[in-house]
Amino acid sequence: AEYEMILTEVEGRVAIIRLNRPKALNALCDQLMDELGQALRGYDADPGIAAIVITGSEKAFAAGADIKEMQGRSYPAIYLDDFIGKRWEAVTYVQKPVIAAVAGFALGGGCELAMMCDIILAGDNAKFGQPEINLGVIPGAGGTQRLTRAIGKSKAMELILTGRMMDAAEAERANLVARVVPAAEVVAEAVKLGEKIGTLSAPSVAIAKEAVNRAYETTLAEGVKFERRLFQSLFATADQKEGMAAFAEKRKARFENR
Ligand code: HXC
């Protein structure tokens with residue numbers, strides 16, 4: 001596919017999608033989000049791909065939704081266009097693991113996009129924030145919900161009510177990110193993580209992701225029951241037989257990986 005606002009590349013079994021509007025610090029306009037959605041759907045359907053990395057530049061993962069594009073929109077227009085609805089949620093429908101490799105600014109919609117991914121790896125220069133309050137609005141792509149679940153109410157309130165940015169070290173302490181690495185290495189580390197996941201059983205990985213995500217949607221009792229059913233279902237897979245046989249025979253498992 002031909003894209004104007006993203007760059008795509010494949011390393012081994014890991015796809016890398018790079019947001020690429022450098023002059024606007026990767027502000028997330030409609031076209032960019034449409035291209036991102038198209039690329040995500042393509043890689044999710046591609047059996048050669050085990051995991052997807054979304055990244056930006058060393059200066060900015062993304063500085064938010066495109067303010068200049070939003071500025072003049074009316075309420076009926078954004079309502080009828082379902083802004084931000086389907087266009088922004090593409091990443092939440094991906095079955096394969098999606099890793100955000102965040103260097104530089106991840107603000108507003110950029111922070112929200114990172115939080116829709118399964119794992120966030122942060123470069124040591126990363127800055128996270130929800131500055132929408134400075135624009136007379138509030139986060140609109142899940143920020144008030146996902147940030148609160150990730151870092152807790154008090155800190156989420158402080159960030160969302162003031163627009164203050166949080167650096168990588170604070171984001172790690174607050175459990176927003178899995179790990180902090182040198183900014184120049186964040187994409188390579190994300191690819192390494194994707195490659196590691198890619199050596200494992202693809203159905204188990206997709207089902208594990210689904211089970212973890214359920215923790216956000218349901219009660220503990222229902223979530224545990226859901227997990228148990230999924231766990232039991234994996235005994236129908238060749239990968240369960242292979243993985244357990246390999247352990248018993250003291251050898252490395254050879255999973256089908258699709
Ligand atoms: C449109 C943006 C932009 C954005 C930066 N630019 N962020 N354009 N939308 N969100 C543009 C600038 O206008 C400028 O263009 C160029 O990128 C470089 O930005 P500077 O401000 O000159 O860079 P710097 O001084 O380094 O400051 C970096 C910054 C600042 C702190 C990240 O750009 C900033 O505050 N950006 C806005 C952050 C923000 O409010 N995000 C939330 C957006 S609302 P020119 O043409 O002047 O060179 C949102 C809502 C989501 O995300 C809800 C659901 C969609």
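Helices and strands are here DSSP runs numbered from the N terminus, a helix having at least four residues and a strand at least two. The model treated in these exercises is predicted.

**Exercise 1. Backbone exceptions**

Task: Determine where Asn26 is placed and what sign its phi has, and then state which peptide bond next to Ile84 is cis and where Ile84 is found.

Solution. Step one is to recall the background, namely that most residues other than glycine have a negative phi and that most peptide bonds are trans. Step two places Asn26 in the loop that runs between strand S2 (14-19) and helix H1 (30-45); its phi is positive, at about 60°, although Asn26 is not a glycine. Step three turns to the bond from Phe83 to Ile84, which is cis with omega near 15°, while Ile84 itself belongs to the loop between helix H3 (75-80) and helix H4 (85-89).

**Exercise 2. The ligand surroundings**

Task: State how many residues surround the ligand, and describe the atom pairs that link Lys23, Lys68 and Gly109 to ligand oxygen atoms.

Solution. The first step is the count: 25 residues surround the ligand, and the closest are Ala63, Ala65, Ile67, Lys68 and Gly109. The second step takes the backbone, where an N or O atom of Gly109 lies 2.8 Å from an oxygen atom of the ligand, and a backbone N or O atom of Lys23 lies 3.3 Å from a ligand oxygen atom. The third step takes the side chain of Lys68, in which an N or O atom is 2.8 Å from an oxygen atom of the ligand.

**Exercise 3. Helix H6 and its partners H5 and H7**

Task: Classify the packing of H5 with H6, and do likewise for H6 with H7.

Solution. Begin with H5 (residues 109-116) and H6 (residues 143-151), whose axes are 10 Å apart and pack at an angle of about 60°. H5 and H6 are therefore oblique to each other, and their crossing is left-handed. In this contact Glu112, Met115 and Met116 of H5 meet Gly143, Arg146 and Leu147 of H6, a set that divides into three nonpolar, one polar and two charged residues.

Continue with H6 and H7 (residues 153-162), whose axes come within 7 Å and cross at roughly 140°. Because angles count as roughly antiparallel when over 145 degrees, that value makes H6 oblique to H7. The crossing of H6 with H7 is right-handed. From H6, Gly143, Thr144, Leu147, Thr148 and Ile151 meet Lys153, Lys155, Ala156, Leu159 and Ile160 of H7, and these residues divide into five nonpolar, three polar and two charged.

**Exercise 4. The pair H10 and H11**

Task: Find how H10 is oriented relative to H11, and list the residues that meet.

Solution. The starting values are an angle of about 175° between H10 (residues 202-214) and H11 (residues 220-233), with axes 10 Å apart. H10 is therefore roughly antiparallel to H11. The contact brings Ile207, Glu210, Ala211 and Arg214 of H10 to Phe226, Leu230 and Ser233 of H11, and its residues divide into four nonpolar, one polar and two charged.

Methods. Residues numbered from 1 in each chain as written. Predicted model: local features only at pLDDT ≥ 70, side-chain atom pairs only at ≥ 80, totals over all residues. Heavy atoms only, no water. Axes fitted to C-alpha atoms, helices over the stretch in contact; angles between N-to-C directions. Parallel < 35°, antiparallel > 145°, perpendicular 65-115°, else oblique. Left-handed = near helix turned anticlockwise from the far one by under 90°. Contact = heavy atoms within 4.5 Å. Nonpolar A, V, L, I, M, F, W, Y, C, P; charged D, E, K, R; others polar. Near = heavy atom within 4 Å. Polar contact = N/O pair within 3.5 Å; in protein donor to acceptor, adjacent residues only side chain to side chain.
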